[in-house]
Amino acid sequence: MLGRTLVTFGRTVVLAAAVAGVPGVAAGQSTGAAQDYTAPRTPDGQPDLQGFWSNQTYTSLERPDGVTAAYYTPEEVAARVSGAAMRESSQTVPGTIPDVHYDFTQFGLDRSQSPRAENLRTSLIVDPSDGKIPPVNAEGQRRAAERADAQERLGGRWDSAESNQLDDRCIMMVPAGPPMMNSGYNSNYHIVQAPGYVMILAEMIHDARVVPLDDRDAPAAGLSQWVGLSRGHWEGETLVVESSNFNAKNPFRGSSERMTVTERFTRVADDRIDYRFTVNDPGTWDQPWTAEMPMQRSRGPLFEFACHEGNYGLYNTLVGARLEEQQAAEAAEQVRGR
Amino acid sequence: MAVTLAVSCVAATVPMSAQTADYRAPRGPDGNPDLNGLWQALNSAHWDVEPHGAGPSVVRDLGALSAVPAGLGVVVDDVIPYTADALVQRDENRANRLRRDPAIKCYLPGVPRGMYMPFPVQILQSQQHIMILHEFAGAVRTVYMDDHVPAPADSWMGWSNGHWEGETLVIDTTGFNGMTWFDRSGNFHSEALHVVERLTRRSPETLSYEVTIEDPNVFTRPWTMQMPLYRRVEENAQLLEFRCVEFVEDLIYGHLRKQPQE
Amino acid sequence: MRAVTCATVAIGVLLMGTSASTHHAFSAEFDVAKPLELTGTLVKWEMINPHSWFHIDIEDDAGAVVTWRIEGGSPNELIRNGVTKNTLTIGSELTIEGYYAKDGSAKGVGRNFLVAGGERLFLGGSAPPVAPAAPE
């Protein structure tokens, strides 16, 4: 009873998705071009962005080397995606590092098992037109070297909690942004609107960004946050969100505290929001750059992603690392003792 | 409702003023009473929900700034009706609170503790979902206003189903993992906790917050807490970041830090 | 070669769940040289994040029962698929293929979770068929 229903259910989900074409993708616009769609309104008259959305994608931020076209053909996308889906659901090789992990497919955590917006672009970056992040300027390179030194001074990855990655520490993950990037799984958002506010809740790590829609000034320079401080306004059908005051402890692509991000959200279909962001940081790049990352209607709930509270992994890893060092030290002692 | 309770109980809890009975909140655009805004409790319930005198800090070096302020209590009938065994557990919690209080480790505060911690709470109201967002640890509660289902799994902040009863938002929450406390004094519950909250606008700048606690594993009967919540009226008031995980890493993991080799 | 900053590494970890960095974290906790295959009865499935934990009672050679804790995936997508804390039957038999924890405790990571009959748990059914290759 335990397994049979679920496995059947699992197969049905996977097969049905495959039969529909590219698994998990709904037909939609591949560009942000306007068409005969006007979003319904919230009771207070805002264009309605509410609901559950996924920004999962196979499109890389930068155009892959060797690719010059701005768009793939639908057939190329289908082939790329189904190839990736096959690799994701196939078994890893026993005795190799990738095999030391739960299989994502069983838990529905493959990228191919997530709703994704159709996107024929060869890169999320749309400006510059080569689809690449602009070169890092001299100040940015100096800062990158300083950060690398600081990281090295923290020691090896398993030396302490603080020397670990931010996601392993359960401090924050990339979907929070801004700008909001996709994660490997659970790349979902819940948008709720109230008079004067838009809330964007990222599933991991229950990161709720509340965007006020009034004319408030940019926040005081002395107050900075991991996710910066956001304020927004409507330009017709598009929500424009300006963010600044980043503390740069989780620097987006090597950026500085001077980074500002402008995000634009436009509902272009019942099941699609076009999301576009521009990054501006004279401390790192000599020009701003822009990417588009459409969001596909997903479903809820966004079950509580209490990460730090259940972070046995970090604890166990540190215990294991100290134990290994102790064992190595004892073994060395024994050798010396002979 | 709050007025009725104040009259009929012989309680040391401070009854709220009679303005509740006369005040009718503006409607939100969804036609329901408007609870939108930033709200915060102004009492010492987060220290101890029962009536208590002032007391010393458990952290000597913080002296008077971490000493416990007195409180008239927010528990209707003053005393939480623990079972005999549970009272022993509560007292053990209290004696060991520096080590045991989950909020010290930046764990999500649970319900109702998150509502009266000394941090603002933002209510964002839409027809299908009412969000209750906490500055403390960035805790999030989603209150489902339709399509009510039971909790799919247990969590720190529980699973909340809400509905309107006239002027009152009633939130019914279950699916707790049993790992949170009600305050800094060891008052606790199990995973069988069932919380019913009633939020009613009582004036332009205050909310009446009444919460009934039920947990047959711990208490002999249901019991109720009651307090006003105050609107944060500063222009541009907003929730700020209190991303406390990095503040507690040394506390939790410091003993596992790699020591310098000789 | 760009200097590897914290941000670059963090993004790399989560962009594709199969990146080396993610598995390196797991392979620091669990031993790639110590594969396990255990069969026991399900006592509890802790549906928590960032990873769920299956508690399995396993009888050792001496006949003593030990409760093992086996790490699995986030339950969040399963919950969206209708799975709840009542879905798995307590007391049902599970076979775990995975790896032992490095610290020698009764702990491991489950690669595959197999129900009686050998099928993989939840959505671990057969891989989706391959779409036709793109025309040249």
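**Exercise 1. Confidence in chain B**

What is the mean pLDDT of chain B, and what percentage of its residues reach 70 or more?

*Solution.* We begin by recalling that this is a predicted model. For chain B the mean pLDDT is 93, and 91% of its residues reach 70 or more. The next step is to look at residues 1-12 of chain B, where the pLDDT is below 50, although this stretch has 21 contacts in the model beyond near neighbours in sequence. Where pLDDT is low, the predicted coordinates should not be read in detail.

**Exercise 2. Two barrels**

Describe the closed barrel in chain B and the one in chain C, and examine one pair of strands in each.

*Solution.* Start with chain B, in which nine strands form a closed barrel in the order β1-β2-β3-β4-β5-β6-β7-β8-β9, with mixed pairing. From one strand to the next, the twist in this barrel averages 30°. Now take one pair from chain B: strand β7 (residues 194-203) and strand β8 (residues 206-214) run antiparallel and are joined by nine bridges. Within this pair, H194(B) has E214(B) in β8(B) as its bridge partner.

Then turn to chain C, where five strands close into a barrel in the order β1-β2-β3-β5-β4, and the pairing is again mixed. Here the twist averages 55° from one strand to the next. Strand β1 (residues 30-46) and strand β2 (residues 53-59) of chain C run antiparallel, with five bridges between them, and T41(C) stands opposite D57(C) in β2(C). As background to both pairs, strands of a sheet pair through backbone hydrogen bonds, either parallel or antiparallel.

**Exercise 3. The make-up of chains A and C**

How many helices and strands are there in chain C, and how many in chain A?

*Solution.* Chain C has three helices and five strands, and reading along its sequence gives the pattern α-α-β-β-β-α-β-β. Of its 136 residues, 46% are buried. Chain A, in turn, has four helices and 13 strands, and 48% of its 338 residues count as buried. The last step concerns contacts between residues at least 6 apart in sequence: in chain C, 48% of these join residues at least 24 apart, while in chain A the share for residues 24 or more positions apart is 62%.

**Exercise 4. A helix and a loop residue in chain A**

Compare the span of helix α4(A) with its expected value, and then decide whether S163(A) is buried, exposed or partly exposed.

*Solution.* Helix α4 of chain A covers residues 312-337, which is 26 residues, and it reaches 37 Å from its first C-alpha to its last, close to the 38 Å expected at 1.5 Å a residue. Its buried residues are L314(A), N316(A), T317(A), L318(A), G320(A) and A321(A).

For S163(A), first locate the residue, which lies in the loop between α3 (138-153) and β5 (188-194) of chain A. Next, count its surroundings: S163(A) is partly exposed because 17 other C-beta atoms lie within 10 Å, whereas a buried residue needs 20 or more and an exposed one has 12 or fewer. Leaving out residues up to four places away in sequence, S163(A) touches L154(A), G155(A), G156(A) and R157(A).

**Exercise 5. Where chain B meets chain A**

Which element gives the largest share of the side of chain B that touches chain A?

*Solution.* In this interface, 33 residues of chain B are in contact with 35 residues of chain A. On the chain B side, the elements that give two or more residues are β2 (121-125), β3 (129-134) and α6 (245-253). The largest share, four residues, comes from α6(B). Sorted by class, this side of chain B has 16 nonpolar, 10 polar and seven charged residues.

Key:
Residues are numbered from 1 along each chain as its sequence is written. Chains are lettered from A and ligands numbered from 1 in the order in which they are written. This is a predicted model: local features need pLDDT of at least 70, side-chain atom pairs count only at pLDDT 80 or more; totals for chains, interfaces and linings use all residues. The expected span of a helix is 1.5 Å times one less than its number of residues. Two strands pair if DSSP finds at least two bridges between them. Axes are lines fitted to C-alpha atoms, for helices over the stretch in contact, and angles run from 0 to 180 degrees between N-to-C directions. Two residues are in contact if their C-beta atoms, placed from the backbone, lie within 7 Å. Ala, Val, Leu, Ile, Met, Phe, Trp, Tyr, Cys and Pro count as nonpolar, Asp, Glu, Lys and Arg as charged, and the others, Gly among them, as polar. pLDDT is the predictor's confidence in each residue, from 0 to 100.
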